[in-house]
Amino acid sequence: MSDCIFCSIVAGDIPSSIVYEDEDVLAFLDITQVTKGHTLVVPKKHFRNLLEMDEVASAALFAKIPVIAQHLKEQLGASGVNLISNMEASAGQTVFHTHVHLLPRFDDKDGLHISFDANEPDFPVLAQLADQLRMETK
Ligand code: AMP
Ligand code: ZN
């Protein structure tokens with residue numbers, strides 16, 4: 001897709017620091033390196049984000065995630081890895097070509113802070129919400 005920076009990276013038109021490449025997927029270092037080894041895994045084909053991808057395309061992308069994450073963890077001596085994929089601007093997406101962030105973790109000293117505001121569980125509300133959201137098996 002023209003005007004897509006990640007399509008330009010996939011095409012080799014702009015430089016990137018490639019970690020892994022195959023027929024379907026490219027993984028390269030995020031220029032901001034939120035933690036050491038911060039990597040973006042993208043499908044070579046353009047999709048706006050994961051919400052646009054069907055089962056086949058998303059399966060091809062996610063099939064490679066464990067092996068790339070394991071490789072980063074081992075090579076960098078990380079203690080863990082976070083996986084984040086922002087979908088749409090309200091979720092923090094700034095580049096509109098599907099990408100999965102892999103963020104190697106180095107215990108308490110890597111500067112990345114992810115926190116959730118946990119609420120007390122309300123089981124009747126959970127049951128009602130599940131009734132509303134329950135899906136047919138696909
Ligand atoms: P998001 O905010 O989830 O859409 O993430 C987009 C990411 O793309 C950001 O973390 C940017 O640092 C990263 N990024 C933008 N341009 C480049 C580039 N040319 N090479 C590598 N990473 C990039
Ligand atoms: Zn693209």
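The donors of the zinc ion (ligand 2) follow the spacing C-x2-C-x38-H-x50-H along the sequence. In this predicted model, the four protein donors turn out to be the SG atoms of Cys4 and Cys7 together with the ND1 atoms of His46 and His97, at 2.0 to 2.3 Å from the metal. The angles among these four donor atoms run from 105 to 117°, and the site comes out as tetrahedral. For reference, four tetrahedral donors would ideally give 109.5 degrees.

Both cysteines of the site are tucked away from solvent. Cys4 has a relative accessibility of 6%, so it counts as buried. Cys7 falls under the same 20% cut-off, being buried with a relative accessible area of 12%. As for cysteine pairing elsewhere, a search through the whole structure turns up zero disulfides.

Phe6 deserves a look of its own. This residue belongs to helix H1, which covers residues 5-11. With just 7% relative accessibility, Phe6 counts as buried. Leaving aside residues up to four places away in sequence, Phe6 touches Phe28, Leu40, Val42, Val95, His97 and His99. One of these, His97, is also a zinc donor through its ND1 atom. Another contact, Val95, sits 89 residues from Phe6 along the chain, yet the C-alpha atoms of the two are separated by 7.9 Å.

Now to helix H3, made up of the twelve residues 65-76. At 1.5 Å a residue, H3 should span 16 Å, and its end C-alpha atoms are indeed 16 Å apart, so expectation and model agree. Ile65, Ile68, Ala69 and Leu72 are the buried residues here. Viewed down the helix axis, the buried residues of H3 fall within an arc of 100°, which means that they line one face of the helix. Pro66, Val67, Glu74 and Gln75 are exposed, and they are carried on the face of H3 turned away from the buried side.

What does the buried side of H3 pack against? Its partners are strands E1 (18-21), E2 (25-29), E3 (39-43), E4 (80-84) and E5 (100-105), plus helix H2 (55-62). Two of the residues touched by Phe6 bring the story back to some of these strands: Phe28 is among its contacts, and strand E2 covers 25-29. Leu40 is also touched by Phe6, and strand E3 takes in 39-43. Right after H3 comes Gly77, with a positive phi near 65°.

How values were computed
Residues are numbered from 1 along each chain as its sequence is written. Chains are lettered from A and ligands numbered from 1 in the order in which they are written. This is a predicted model: local features need pLDDT of at least 70, side-chain atom pairs count only at pLDDT 80 or more; totals for chains, interfaces and linings use all residues. Side-chain values use heavy atoms; hydrogens and water are left out. Helices (H or I, at least four residues) and strands (E, at least two) are DSSP runs, numbered from the N terminus. Buried means under 20% relative accessible area, exposed over 50%, partly exposed in between (1.4 Å probe, protein chains only). Contact means heavy atoms within 4.5 Å. Donors are N, O and S atoms within 2.8 Å of the metal (3.2 Å for Na, K and Ca); water is not among the atoms, so sites may look incomplete. Four donors count as tetrahedral if all angles lie between 85 and 135 degrees; four count as square planar and six as octahedral if opposite donors are over 155 degrees apart and all others between 65 and 115; anything else is irregular. The expected span of a helix is 1.5 Å times one less than its number of residues. The arc is that of the directions from the helix axis to the C-beta atoms. A disulfide is a pair of cysteine sulfur atoms within 2.5 Å.
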